[in-house]
Amino acid sequence: MGLGNKEINSYDVTDLTSLEKLEPVRVRPGMYIGSTGTKGLHHCIWEILDNAIDEIANGYGDKVKVILNKDKSVTIIDNGRGIPTGIHPIKKKSGVEMVYTELHTGGKFDNKNYKTSGGLHGVGAAVVNALSEWLQVEIKQKGDIYRQRFEYAFDKELNKRMPGTPVTKLQIIGNTNETGTKITFKPDKEVFSTVDFKFDVIDERLQELAFQNKGITLVLVDNRKEEYVEKEYHSERGLLDFIDYLNESKTPIHKEPILFEGEKEINGMKVYGEVCMQFTDSTTENIASYVNNIPTTESGTHETGFKTGMTRAFKEWAKKLNIVKDKDKGFEGDDVREGLTAIVRVKISNPIFEGQTKTKLGNNEAYTIMNELAYSKLGAWIEDNKEVASNIINNAVSAATRREKIKKINEAEKKKVGKGTAPLAGKVSVCTLKRPDVCEFIVVEGDSAGGSAKQARDRRFQTIMPSKGKIMNTEKQKLENVLASEELKIFNVAIGTGVLDNYNESDLKYDKIIILSDADVDGYHIRTLWMTYIYRYMRPLIKNGHLYIGLPPLYKVYKNVKGKEIKKYAYSDEELVSVKKEIGKGALIQRYKGLGEMNPDQLWETTLNPETRTLQQVTIDDAAKAEKMVSLLMGDVVGPRRNYMYKYAEF
């Protein structure tokens, strides 16, 4: 059968289309910045910020300022050399226009101008331009101040609207005796689901950058509210300050952190490695790793090399110190890292990352240097600190014993599941479908809300587990107590993955794990307790994107018009104001005190129905920040937690 002159299933050259200039970024933004949500939005700042830090790291400039503006744009200023303003001999364009309108244009490819860099190798600036309503750049260079503006505007050459279109030429607007670059961009609300930058997210990133680049000054300014906020970041001790910051809520078992560094040329590539580490009384490890200042949340070869070298050093000395005999089973790397906080960073001229957004390093050169560094430097440290090292090794031996115990408990629980004696009956309302890719496991606060949720749910794919009160604070409990908790046993059996080293993603029975609690202080606490448990015992659930928070509304705003109810829900006091305006005159307001107040229909519509509910995915974008927050909020050290509560009292 034909359609005009062309068959339906034909495929020829007329079917081919090509994207011009920056269009590919606009069409597939996730390929370049990871997502179009909050994470992708902030990634735009990181790209421009990384370029500024690259200048400083390579010896040009010492200060960067980030300004959040009232119109939802952001300005980033550095005192580096400034983007080249000259005209390219072949392209016949200024360096500024090339950098902001062409992908893969930059000075980081041949290592002449930058020994190391964290930016997307010439992609970052152009990507940010492509995803902005407008972007304006000012350069101080050679005694002049230059300015150029780009917008999502009509391109005369292509006869259509295009992202990142130059709407002015590069113009000289003044004189100066300074150097540097000032970039202001406004993210496009047509691209991003939100264009509201979060102060605390940027705050944490600048703090980490200051620790990693000792001696530099970073400044964050928030102009968006009536109260002007300015915060400065500076560190003279670098990673030593960083380790103190991460261990603020923990008790170290040796006062002086272990700090070592080294540089080596491998395969014609210079690689610099640095580690700062300290053992604490915690039962978990916390390793924050970085490449050229970029957090590598999925680790990579540098982190693996460090772990291998460290394990080798401690295993050898365990035998030298007669703590482990040849015939003993001994301990593994996970055991010796129990209670360890470490910062692992490398600088490398040509980093190979898995994925465009740089979360996992792939260079074998990084593995080699970190393995050798950790083995040699830790061996020397152990020799000089035999008493502390013996305590660490004895802890590792104890951890190995506990690990075997956990394994046996997990195996016993799995056998119970097989025999049908697992503690699920009457506690969990299981869905009928057996498809992990579509099924959801929903933990609901309280028996009352749990009862409504069981009636309201879609029985095909939603499993409900009512949570009776508050589970234990697993940050403060011994492993044996956690594993003995009846409610956590029910959760573990229902999810199916196992915990800690025995976690197996292929046994996961649900795609989404949703924590649903009241929108009050108790509800926040219950939510935090569950997140702490999952973070400590089933962390891959978070890393692999399975954990969500269900957000119940605070208000229902409604009115009757000609016998028909018009209604909307508000999830905050701020949103209530705008929702009342939408509903208009005569709007009535119902305040929900908790999930238990909602009837099944309301619960389905507001928090269970995938079409209308609001879910917030729990992520670990920054492992160092996540670890610090869990330890601070749920640990034993009171002082830092009290300070945090005072600072964020509205939470």
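Helices here are DSSP runs of H or I with at least four residues, numbered from the N terminus. By that rule, Thr301 of this predicted model belongs to helix α8, which covers residues 301-320. The protein as a whole comes to 20 helices and 24 strands.

The overall figures set the scene. The protein has 651 residues, and 51% of them are buried. Among contacts with a separation of 6 or more, 69% join residues 24 or more positions apart. The accessible surface amounts to about 31600 Å², and carbon and sulfur atoms hold 49% of that surface.

Thr301 offers a point of entry to the helix packing. Its relative accessible area is 13%, and because buried means under 20%, Thr301 counts as buried. Beyond residues up to four places away in sequence, Thr301 touches Leu361, Gly362, Asn363, Asn364, Ala366 and Tyr367. Of these partners, Asn364, Ala366 and Tyr367 lie within the residue range of helix α10, which is 364-384. The axes of α8 and α10 are 7 Å apart and make an angle of about 30°. Angles under 35 degrees count as roughly parallel, and α8 is therefore roughly parallel to α10. The crossing of α8 past α10 is right-handed. Sorted by class, the contact between α8 and α10 contains 13 nonpolar, nine polar and three charged residues.

A second helix pair is formed by α3 (residues 38-57) and α6 (residues 199-212), whose axes come within 12 Å and cross at roughly 25°. With that angle, α3 and α6 are likewise roughly parallel to each other, and their crossing is right-handed. On the α3 side, the contact is made by His42, Ile45, Trp46, Leu49, Asp50 and Ile53. On the α6 side, Val201, Ile202, Arg205, Leu206 and Leu209 take part. By class, this contact has eight nonpolar, one polar and two charged residues. The spacing of such positions can be read against a general rule: an α-helix has 3.6 residues a turn, so residues three or four places apart point the same way.

Helix α3 also holds His43. With a relative accessible area of 10%, His43 is buried. In sequence His43 and Ile33 are ten residues apart, while their C-alpha atoms are 6.2 Å apart in space.

Attention now turns to a strand. Leu68 sits in strand β3, residues 63-68, and is buried with a relative accessible area of 1%. Apart from neighbours within four places in sequence, Leu68 is in contact with Ser73, Val74, Phe197, Phe199, Ile202, Leu220, Val221, Asp222, Asn223 and Arg224. One of these, Ile202, also belongs to the α6 side of the contact with α3. Leu68 and Val229 are 161 residues apart in sequence, yet 9.9 Å separates their C-alpha atoms.

The last element to consider is helix α14, residues 486-495. Eight of its ten residues are buried, so α14 is largely enclosed by the rest of the structure. The buried residues are Glu487, Leu488, Ile490, Phe491, Asn492, Val493, Ala494 and Ile495. After α14 comes Gly496, which has a positive phi near 95°.

Key. Residues numbered from 1 in each chain as written. Predicted model: local features only at pLDDT ≥ 70, side-chain atom pairs only at ≥ 80, totals over all residues. Heavy atoms only, no water. Helix = DSSP H or I, 4+ residues; strand = E, 2+ residues; numbered from the N terminus. Buried < 20%, exposed > 50% of the residue type's maximum accessible area, 1.4 Å probe, protein only. Contact = heavy atoms within 4.5 Å. Areas by Shrake-Rupley, 256 points an atom, 1.4 Å probe, with all protein chains shown as cover. Axes fitted to C-alpha atoms, helices over the stretch in contact; angles between N-to-C directions. Parallel < 35°, antiparallel > 145°, perpendicular 65-115°, else oblique. Left-handed = near helix turned anticlockwise from the far one by under 90°. Nonpolar A, V, L, I, M, F, W, Y, C, P; charged D, E, K, R; others polar.
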